[in-house]
Amino acid sequence: MARRSEPQRLLGDLVAIPSVNPHVTPGGGEQAVAAHLAEYLRLSGLAPEVVECAPGRPSVRVTVRADEPRGHLLLCSHLDTVGVESMTIPPFEPRVEGGRLFGRGACDAKGPLAAMTVGLLRGRERGLVWDVTLWAVAGEEVGGEGVLRLLEDDDRFDGAIVGEPTEGHLVVAHKGAVRGEILLSGDSAHSSRPLPDVGALAAACRITLALHGRAPGAQVHPLCGASTLAITAIHAGEAANVIPGAARVRFDYRTVPPQGPSAVWEAVNAEVARLLSGTGIRSESVTLRENDWLDTEPDAPVARAVARALEERGEDPTPGGAVYGSDAERIAGRGIPAVLLGPGSIDDAHTAAESIDLDELERITEVFAWLLTDGKTVARSP
Ligand SMILES: [Zn+2]
C-alpha cells in the first residue's frame, strides 16, 4: 500500500466526519469535525480555540507566532459541506483510487483546509516568517456565520488566503451575486376564458425566456468574464381550471467587479417593465440575497507572496479569476486584501462523486509551507 502523506491522512479523517451545513440538511453541523480538528492541532503542539459562532455552530481558530514576523497572515477555509442526497459514492467513507481521494468535502473545502493546516505545521517546524492565524469556519456554504463572527473579534490582518479548490492557482478576483424575486400580479380568471393578452403566469414565462442566459446590463471583467443571469424558479397557479392572478420568478444574477446590486436591479427592473408594458401586469422586486464580488490587486503583498511561493515550487503563479463566490469577499469587505488558493477543482465540488487529486494536495501543502517560511525546507534543530 502506498504511504499516506500527512495532508492525506488529515483529509481522510475530516471527510469521514459528516459536517453538512444545517441550513442545507437539518440536523447536520460542524461540531464533530471542529472537535477533531481542534484535537489534531492540540496534539501537534498548538493551542486552538473552538469558538461558538452561532448556537451549535463552532469554528476553530489558532494563532502561531514567528520570531521576526514580516506581518500577520490569515489562512481561512471552511468546515461545512453541501448535502449528500444526490451522491453516487459513500459520502463519508473516504476511498482512494487512481491517485484521488473520494468523499463529500474532499475538495470543497476539506482538501484546501488540510493543505493549509499541514502547511502551517510544517512551516512552524521550519521557522515561520509570518505570524499566522488559521480559521476553520462554520457556515461558508450558506449563512456565513463562522467568518462573520470571527471577523468581529479580529480583522487586523495584513492579508488573507482563503482555501477553496482553485487547482493550485492564485485567484485574486471572483464574481458576486444578486439573488432576487420578481412578484407579478394581475387578474385571475376562469380558464374557459383565456385572457386575451397575457396573465401573470404567461408574463413569468415571457420574463424567463427573455432573461435566462441574458443578463441585462451585463459587464465584462478581465479575470472573471461576463455577468450572467439564470432563472432558477417560477411559482404560479394551482388548479387546472384557474388562470392564476399571481406568479413569482426567481433569478440568480452573477455580478462582476465593479457592478453593484443597485445597478443590477435597475437593469433588471427596466427590462421587466419593457416586457410587461401593455399587459396590465404589475411587478414588484424583492432581494433574496446579495454577495459582493472579490477584486484584490494582483500587486497586494499577500498576492505577491502567494505568486512567489507558487513560482518557487514550480507551479503557475499567474493571478486569475473565478466565477464562484467565497468567504474572501466578506474578509476583503473588512479591508483585508484576500486571495484564494487551494488544491482541487471547482468542477469536482458539490458533485455526486466529489474527489481530489492527492498529488496536488501534497504539492499545494508544500506551497503553503514555502509561503509561510520563505522557502525553508528543513526542520529547525530543537
Ligand atoms: Zn468551498
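The dialogue below walks through a predicted model of a protein chain, from its domains to its backbone details.

User: What should I know about numbering and confidence before I start?

Analyst: Residues are numbered from 1 along each chain as its sequence is written. The model is predicted, so local features need pLDDT of at least 70 and side-chain atom pairs count only at pLDDT 80 or more, while totals for chains, interfaces and linings use all residues.

User: Into which domains is the protein chain divided?

Analyst: Domain bounds come from an automatic or database domain assignment. Here the chain is divided into domain 1, made of 6-174 + 293-373, and domain 2, made of 184-291. The C-alpha centres of domain 1 and domain 2 lie 37 Å apart. Two residues are in contact if their C-beta atoms, placed from the backbone, lie within 7 Å, and the contact takes 10 residues from domain 1 and 9 residues from domain 2.

User: Which element gives the most to the side of domain 1 that touches domain 2?

Analyst: Elements are DSSP runs, numbered from the N terminus: helices are H or I of at least four residues, and strands are E of at least two. On that side of domain 1, β8 (171-174) and β18 (320-322) each supply at least two residues, and β8 gives the most, with 3 residues.

User: How do I read a nonpolar core, and which residues touch the most other members of the largest one?

Analyst: A residue is buried if 20 or more other C-beta atoms lie within 10 Å of its own, exposed if 12 or fewer, and partly exposed in between, with C-beta atoms placed from the backbone. A nonpolar core is a set of buried Ala, Val, Leu, Ile, Met, Phe, Trp, Tyr and Cys residues joined through C-beta atoms within 7 Å. The largest one has 81 residues, of which A160, V306, I331 and V339 touch the most other members; helix α9 (residues 358-373) provides the largest share of this core, 9 residues. A second, separate core of 22 residues includes I182, L211, Y253 and V264.

User: Why is α9 said to be largely enclosed?

Analyst: The reason is that 13 of the 16 residues of α9 are buried, so the rest of the structure largely encloses this helix.

User: On which side of α6 do its buried residues lie?

Analyst: An α-helix has 3.6 residues a turn, so residues three or four places apart point the same way. In α6, the buried residues are V264, V268, V272 and L276. They cover an arc of only 85 degrees around the axis, taken from the directions from the helix axis to the C-beta atoms, which puts them on the same side of α6. The face turned away from that buried side carries the exposed residues S262, A270, A273 and R274. Among the elements that cover the buried residues of α6 are β9 (176-185), α5 (200-211), β15 (246-255) and β16 (282-291).

User: Where does the backbone take unusual values?

Analyst: Most residues other than glycine have a negative phi, and most peptide bonds are trans. A cis peptide bond joins D108 and A109, with omega about 0 degrees, and A109 sits in the loop between β5 (100-102) and α3 (110-126). Another cis peptide bond joins P257 and P258, with omega about 5 degrees; P258 lies in the loop between β15 and α6. As for phi, E167 has a positive value near 60 degrees without being a glycine, and E167 is found in the loop between β7 (159-162) and β8. E167 counts as buried because 20 C-beta neighbours lie inside 10 Å.
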